[in-house]
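Visitor: Could you take me slowly through one part of this structure, the sheet and the charged pairs around it? I am in my first year, so please explain the terms as you go.

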Amino acid sequence: MKVSTLLAPLPAGVADGVFPAGCPSRTVLDHITSKWGVLILLSLSEGDQRWSELRRRAEGISEKMLAQTLKTLERDGLVRRDAQPVIPPRVDYSLTERGRELTALLIPLVTWAFDNAEEIIGGQS
């Protein structure tokens with residue numbers, strides 16, 4: 001994957017290089033770049049999934065962290081929760097339009113990390 005090395009300018013609000021502590025973007029970045037947030041978003045980029053599928057794909061996530069991460073991403077408008085009125089209960093999770101827009105940006109970042117991880121980790125002393 002070829003990625004441009006030309007740097008894009010920072011948004012006008014941070015053009016002076018200061019990232020204000022109270023800026024809402026810091027909260028959003030914390031939610032979407034958390035270890036589990038990224039994995040859940042990427043998993044859902046491949047289509048609707050149920051709780052058990054998400055738990056299996058995000059290997060190592062606890063039930064508590066999965067529930068917390070899904071609630072946060074749903075509250076942020078990135079993930080949709082669709083509870084089916086059937087027995088046994090069925091809940092499907094999917095990306096919203098905003099979630100799809102975000103994952104389109106995350107996929108190149110994660111691809112870069114995957115492609116460079118061994119060299120980066122291997123180069124540590």
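Guide: A salt bridge here is a side-chain nitrogen of Lys or Arg that lies within 4 Å of a carboxyl oxygen of Asp or Glu. Side chains of opposite charge can pair when their charged atoms come close. The model you are looking at is a predicted one, and by this rule it has 4 salt bridges.

Let us start with the pair formed by Arg-57 and Glu-46, whose closest N and O atoms are 2.5 Å apart. Arg-57 belongs to helix H3 (residues 51-57), while Glu-46 sits in the loop between helix H2 (35-44) and S1, so this salt bridge ties together parts that are 11 residues apart in sequence. Arg-57 is partly exposed, at 44% relative accessibility, whereas Glu-46 is exposed, with a relative accessible area of 61%.

From that loop we can turn to the sheet, which is open and is formed by 3 strands in the order S1-S3-S2, with antiparallel pairing. Strand S1 (49-50) and strand S2 (79-84) each have a single partner strand and stand at the edges, so one side of each is left without a neighbour in the sheet. Between S1 and strand S3 (residues 90-95), the antiparallel pairing runs over 2 bridges.

One residue to follow here is Gln-49, which is found in strand S1 and has Tyr-93 as its bridge partner in S3. With a relative accessibility of 5%, Gln-49 counts as buried, because the word is used for anything under 20% relative accessible area. If you look from Gln-49 to Arg-81, you will find two residues that are 32 residues apart in sequence and 10.0 Å apart in space, taken from C-alpha to C-alpha.

Tyr-93 also leads us inwards, since Tyr-93 is listed among the residues with the most contacts inside the largest nonpolar core, a group that also includes Ile-40, Leu-41, Leu-44 and Val-79. This core has 20 residues, and H2, helix H4 (63-75), S3 and H5 each supply at least two of its residues. The largest share, 6 residues, comes from H2. As a general background, nonpolar side chains tend to be buried together in soluble globular proteins.

Two further salt bridges are worth finding. The side chains of Arg-90 and Asp-92 meet at 3.1 Å, N to O; Arg-90 is partly exposed, with a relative accessible area of 33%, but Asp-92 counts as buried, at 13% relative accessibility. In the other pair, Arg-100 and Glu-97 come together at 2.8 Å, again N to O, and these two residues are 3 residues apart in helix H5, a separation of about one helical turn. Arg-100 counts as partly exposed, at 41% relative accessibility, and Glu-97 as exposed, at 53%.

Helix H5 then brings us to the last stop, the largest pocket, which has a volume of about 190 Å³. Helix H1 (24-32) and helix H5 (97-122) are the elements that give two or more residues to its lining, and among the lining residues are Ser-25, Val-28, Leu-102 and Leu-109. Sorted by class, the lining of this pocket has 7 nonpolar residues, 1 polar residue and no charged residues.

Methods
Residues numbered from 1 in each chain as written. Predicted model: local features only at pLDDT ≥ 70, side-chain atom pairs only at ≥ 80, totals over all residues. Heavy atoms only, no water. 1 Å grid on protein atoms, 1.4 Å probe; cavity = no way out; pocket = protein on both sides within 12 Å on 5 of 7 lines; lining within 4 Å. Points joined across faces, edges and corners; volume = space filled by probe spheres on them. Helix = DSSP H or I, 4+ residues; strand = E, 2+ residues; numbered from the N terminus. Nonpolar A, V, L, I, M, F, W, Y, C, P; charged D, E, K, R; others polar. Pairing = 2+ DSSP bridges. Buried < 20%, exposed > 50% of the residue type's maximum accessible area, 1.4 Å probe, protein only. Core = buried A, V, L, I, M, F, W, Y, C linked by side-chain atoms within 4.5 Å.
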